[in-house]
Each structure stands twice: as C-alpha cells, then as structure tokens.
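Okay, hi everyone, thanks for coming. I'll put the structure up on the screen and then walk you through it, one feature at a time.

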Amino acid sequence: MKIALIISLLIALIGMVSFLNTYREISRSKVCWGVVTDLPVSSDSDGTTYGVTAEFLADNNKKYTYNSSWKTSNPGYSVGDRIRVYYNPDNPTINGIMSFMGAYGFVFIVICISLLVAATMYISLNSYQVIEWIHPNHFQQLEIQSMSGTNTIQNP
C-alpha cells in the first residue's frame, strides 16, 4: 500500500507542477477575443469528435491561429462564435483558449486521478472500519459465533 501512496503523491505532484506552469503562462499572457474559424472533424469506430480552430489579432496587429490539441464529441462552439484566447505577447504562436477546461483541464483530470487513487488506498487500508461503518453489527455477530464454537457464519 505504500506504493499506492507514493503513486498518488507523484500524480498529485505532476498535477500541481502542471497547474503552476499553466498559471504562470496565463498570468504572463495577453487575453483577447478571437473568432472560431473551423471545427476540424475526426471520425473513427468510437464516433465523431471535433477540435477548435480560431483566429485572433495580437497586439502587433498580426493574425494568429489557435488550434486545439484536444477533440471532443461536443465542441461547445460554432464557426463564427467569439472565443477568448490567451497568448504570449513575445510569441503569439504560444496560445490557448481562456476557459477553465481549456487552461486547466489536464490539471483537473490529473488531480482527480490522484484523489481516486488515494480514496481507493484509504478504503483498502481501512476496510474493517468501512465495513463496520456500513454494517455496524457485522463483526460483533462474527465474534459471538466464533466464541460459541459455531463454525457457520450467518448473514447479519
């Protein structure tokens, strides 16, 4: 179980480092409005997914393009929609969508996995207490049966 704890802590550490890097990147960025120009489609046996492509005008009066690295079954946007974009003022090709999942989606997923591993580890290490909490008299009946010399275990 120590390995599960170490794995959970490493996953949480990866999430925190990713959060800090993303936060630092966004805090140094400029934010502007862009326009969705395309929703690239991918289809396979699992279905159809969409990406997002948007154009925005940086402070240097040049147009730049944002291309999502992720795809989803529901893009949440239509071609022509306005979209908030953040970009590095020194290099506007480094950019992203200014939304919670657009900016912190990876961090959110990693931290959720870390919490899931930690909860699973807690339950497995404390299964006696968890069962006692769910079925308060379960272990008492088992102890009474073993003290009376009865080998049959009855359901509580």
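Let's start with a question: which residues make the nonpolar surface patch of about 370 Å²? Have a look for a moment. They are I6, L10, L13 and V17. Take L10 as an example. You'll find L10 in helix α1, which covers residues 2-27. L10 has a relative accessible area of 47%, so we call it partly exposed.

Before I go on, one thing to keep in mind: what you're looking at is a predicted model.

Now the overall layout. The protein has four helices and seven strands. If you read along the sequence, the order is α-β-β-β-β-β-β-β-α-α-α. So how much of it is buried? Of the 156 residues in the protein, 25% are buried, and the cut-off for that word is under 20% relative accessible area.

Let's stay in helix α1 and talk about rings. How many aromatic pairs turn up in a search of the whole structure? The search gives three. One of them is F19 with Y23, and this pair is stacked: the centres are 6.1 Å apart, with 20 degrees between the planes. Both residues belong to helix α1, and they are four residues apart, which is about one turn of the helix. Are they buried or exposed? Well, F19 has a relative accessible area of 30%, so it is partly exposed. Y23 is at 49%, so Y23 is partly exposed too.

Elsewhere, F56, Y64 and Y87 come together as one aromatic cluster. And there is another ring to look at, the one of W33. The charged end of R82 sits over that ring, 4.2 Å from its centre.

Next, have a look at Y104. Y104 is in helix α2, residues 100-125. Its relative accessibility is 14%, so this tyrosine counts as buried. Now, what is the separation between the C-alpha atoms of Y104 and T22? In space those two atoms are separated by 7.2 Å, while along the chain the residues are 82 apart.

Okay, on to the strands. Strand β2 is residues 41-44 and strand β3 is residues 47-50, and the two pair in the antiparallel sense over four bridges. The link between β2 and β3 is a hairpin, and the hairpin goes through two residues. If you want one bridge to find on screen, go to S43: its partner in β3 is T48. A bit of background while you're looking: in a regular strand, side chains alternate between the two faces of the sheet.

Now charges. Side chains of opposite charge can pair when their charged atoms come close. How many salt bridges does a search of the whole structure find? It finds two.

In one of them, the side chains of K30 and D59 meet, at 3.1 Å from N to O. This pair links distant parts of the chain: K30 is in strand β1, residues 30-38, and D59 is in the loop between β4 and β5, with their positions 29 residues apart in the numbering. K30 has 37% relative accessibility, so K30 is partly exposed, and D59, at 55%, counts as exposed.

The other is K63 with E55, where the closest N and O atoms are 3.8 Å apart. Why does K63 count as exposed? Because its relative accessibility is 65%, and the word applies over 50%. E55 has a relative accessible area of 32%, so E55 is partly exposed.

Let's go back to the loop between β4 and β5, since N61 is found there. Here's some background: most residues other than glycine have a negative phi. N61 is not a glycine, and yet its phi is positive, about 65 degrees. With a relative accessible area of 62%, N61 is exposed.

Last stop, L57, which is in strand β4. At a relative accessible area of 47%, L57 is partly exposed. How far is L57 from V85 in space, C-alpha to C-alpha? The distance is 9.9 Å, and in sequence L57 and V85 are 28 residues apart.

That's my tour. Go ahead and turn the model around yourselves, and we can talk about whatever you find.

Methods: Residues numbered from 1 in each chain as written. Predicted model: local features only at pLDDT ≥ 70, side-chain atom pairs only at ≥ 80, totals over all residues. Heavy atoms only, no water. Pairing = 2+ DSSP bridges. Patch = residues over 30% accessible without salt bridge, like charges linked within 9 Å, V, L, I, M, F, W, Y side chains within 5 Å. Areas by Shrake-Rupley, 256 points an atom, 1.4 Å probe, with all protein chains shown as cover. Salt bridge = Lys/Arg side-chain N within 4 Å of Asp/Glu carboxyl O. Buried < 20%, exposed > 50% of the residue type's maximum accessible area, 1.4 Å probe, protein only. Phe/Tyr/Trp six-rings, centres within 6.5 Å; stacked < 30°, edge-to-face > 60°. Lys NZ or Arg CZ within 6 Å of the ring centre and 35° of its normal.
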